[in-house]
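Hi,

Here is the structure I said I'd pass on. Have a look at it first, and my notes follow below.

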Amino acid sequence: FLSRLGCRLILLPSGAELNESFTEPIGGIVYGKLLYGGVSRFHLLPSSITSDTSKPLRRAAQQTVISNHNTNNHHDDKYHQAPSSWIEYGGPQRKYQAIDMGPAALLEVTLLPYGKEMPSISHNTNKDMA
């Protein structure tokens with residue numbers, strides 16, 4: 001069971017976008033939680049139905065999430081909101097971009113379907129993420 005679990009801590013400077021996208025197998029579930037700052041999260045999809053790989057991927061399902069750390073009044077629900085979280089399902093590529101208001105941090109916990117295993121960090125070909 002533990003070989004199917006994964007955890008990522010993603011730290012982004014203000015306005016920065018991940019160099020590489022993340023892709024989980026179909027049937028995988030990714031739980032994401034914004035720790036601080038703000039991010040735009042989106043999927044990358046092919047530009048057309050044909051398999052023309054020369055066309056750039058397009059952004060789809062883009063959502064901007066901003067952390068709310070206002071703790072002036074804990075008794076008023078307007079000011080007492082938990083940081084945003086979400087669930088995404090495996091399949092299309094996904095990326096994050098910090099909005100230009102300061103650094104951002106988010107946590108991803110991944111559960112892969114039975115029969116799949118999370119790759120280890122030693123198999124990572126991207127030199128930015130280790």
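How many aromatic pairs does the count come to? Just one aromatic pair in this predicted model. The partners are Trp-86 and Tyr-96, with ring centres 6.3 Å apart and planes at 45°, so by the usual 30 and 60 degree cut-offs the pair is tilted. It links distant parts of the chain: Trp-86 belongs to strand 5 (residues 85–89) and Tyr-96 to strand 6 (residues 93–98), 10 residues apart.

Are those two buried or exposed? Both Trp-86 and Tyr-96 are buried, and both belong to the largest nonpolar core, which has 12 residues. Among the other members are Ile-10, Leu-12, Phe-22, Val-65 and Leu-106. Strand 1 (5–12), strand 6 and strand 7 (104–111) each give this core at least two residues.

Trp-86 has quite a list of contacts, even leaving aside neighbours within four places in sequence: Val-30, Tyr-31, Gly-32, Lys-33, Leu-34, Arg-41, Val-65, Tyr-96 and Leu-106.

Phe-22, another core member, has a charge over its ring: the charged end of Arg-8 sits there, 4.0 Å from the ring centre.

Last, the empty space. The count comes to one cavity of 30 Å³ or more, and the largest cavity has a volume of about 40 Å³. Which residues line the largest cavity? The lining is made up of Glu-24, Val-30, His-43, Glu-88, Tyr-89, Gly-90, Gly-91, Pro-92 and Arg-94. Val-30 also turns up among the contacts of Trp-86.

Cheers

Conventions:
Residues numbered from 1 in each chain as written. Predicted model: local features only at pLDDT ≥ 70, side-chain atom pairs only at ≥ 80, totals over all residues. Heavy atoms only, no water. Phe/Tyr/Trp six-rings, centres within 6.5 Å; stacked < 30°, edge-to-face > 60°. Helix = DSSP H or I, 4+ residues; strand = E, 2+ residues; numbered from the N terminus. Buried < 20%, exposed > 50% of the residue type's maximum accessible area, 1.4 Å probe, protein only. Lys NZ or Arg CZ within 6 Å of the ring centre and 35° of its normal. Core = buried A, V, L, I, M, F, W, Y, C linked by side-chain atoms within 4.5 Å. Contact = heavy atoms within 4.5 Å. 1 Å grid on protein atoms, 1.4 Å probe; cavity = no way out; pocket = protein on both sides within 12 Å on 5 of 7 lines; lining within 4 Å. Points joined across faces, edges and corners; volume = space filled by probe spheres on them.
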